[in-house]
Amino acid sequence: MAIRNIRELGEEVLTKKAREVTEMTPRIRELIGDMLETMYEANGVGLAAPQVGVLKRIVVIDVTGEDPHILINPRIVETSGEQTGQEGCLSVPGKSGQVTRPNYVKAVALDVNMKETELEGTELLARAICHEVDHLDGHLYVEKVEGPLQDVSADDDEEE
Ligand code: ZN
């Protein structure tokens, strides 16, 4: 596995719609391993493939540091409630902003064996699922931010 270079706001790859994964290959397995390693190394709670320059519909999420989720071709199928809180992004380093998201989210996706799987969560996990799925459609949280972006110190916030 290897750490990949995280693309930052302003790079075109972050604005493009990612393509569905149709079959698991050794290259995609390697990409997923690299994405997990890159996310942990950057102290992130989620990472989407476009953030490492790959336009495939793959996200990794781990909001506790010991519960990794790998979602391929994820689709949000249910949401409820609302939460407003600070959000950050590994592609927008050093910044955070207030974003309103659903408080509960259920997603369906494929796992690494291309079998259908489900992930549901509330609070930070729900926020992370929404944030990462947005990346697959070329959207960044900064488009949804309420008020100004704020500066945060590098080690003080969770970033996606
Ligand atoms: Zn992000």
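Modeller: Contact here means heavy atoms within 4.5 Å. With that cut-off, among contacts in the protein chain between residues at least 6 apart in sequence, 67% join residues at least 24 apart. The model is a predicted one, in which local features need pLDDT of at least 70 and side-chain atom pairs count only at pLDDT 80 or more, while totals for chains, interfaces and linings use all residues. Residues are numbered from 1 along each chain as its sequence is written, and side-chain values use heavy atoms, with hydrogens and water left out.

Biologist: How many helices and strands are there in the protein chain?

Modeller: The chain has two helices and eight strands, in the order α-β-β-β-β-β-β-β-α-β from the N terminus. Helices (H or I, at least four residues) and strands (E, at least two) are DSSP runs, numbered from the N terminus.

Biologist: What makes the protein chain as compact as a globular protein of that length?

Modeller: The radius of gyration is taken over C-alpha atoms, and the globule rule is 2.2 Å times the number of residues to the power 0.38. For 160 residues the rule gives 15 Å and the chain has 14 Å, which is close, so the chain is as compact as a globular protein of that length.

Biologist: Why is R57 paired with D137 called a salt bridge?

Modeller: A salt bridge needs a side-chain nitrogen of Lys or Arg within 4 Å of a carboxyl oxygen of Asp or Glu. The closest N and O atoms of R57 and D137 are 3.1 Å apart, so the pair qualifies. R57 lies in the loop between β1 (46-48) and β2 (58-61) and D137 in the loop between α2 (123-136) and β8 (146-151), so the bridge ties together parts 80 residues apart in sequence.

Biologist: Which of the terms buried, partly exposed and exposed fits R57, and which fits D137?

Modeller: Buried means under 20% relative accessible area, exposed over 50%, and partly exposed in between (1.4 Å probe, protein chains only). R57 has 8% and therefore counts as buried, whereas D137 has 27% and counts as partly exposed.

Biologist: How do you know that E118 and K106 meet in a salt bridge?

Modeller: Their N to O distance is 3.9 Å, and the limit is 4 Å, so the pair counts. E118 is in strand β7 (residues 116-122) and K106 in strand β6 (residues 104-110), so the pair ties together parts that are twelve residues apart in sequence. The search of the whole structure finds eleven salt bridges. E87, R101, R127, D134 and K144 are linked in a network of them.

Biologist: What makes the largest nonpolar core a core?

Modeller: A nonpolar core is a set of buried Ala, Val, Leu, Ile, Met, Phe, Trp, Tyr and Cys residues joined through side-chain atoms within 4.5 Å. The largest one has 19 residues, and V59, I61, L71 and I129 have the most contacts inside it. α2 gives the most to this core, with seven residues. A second, separate core has 18 residues, including I28, M39, V54 and V60.

Biologist: Why is α2 called mostly covered?

Modeller: Twelve of its 14 residues are buried, among them R127, I129 and D134.

Biologist: What span is expected for α2?

Modeller: The expected span of a helix is 1.5 Å times one less than its number of residues. For α2, with 14 residues, that is 20 Å, and the helix reaches 21 Å from its first C-alpha to its last, which is close.
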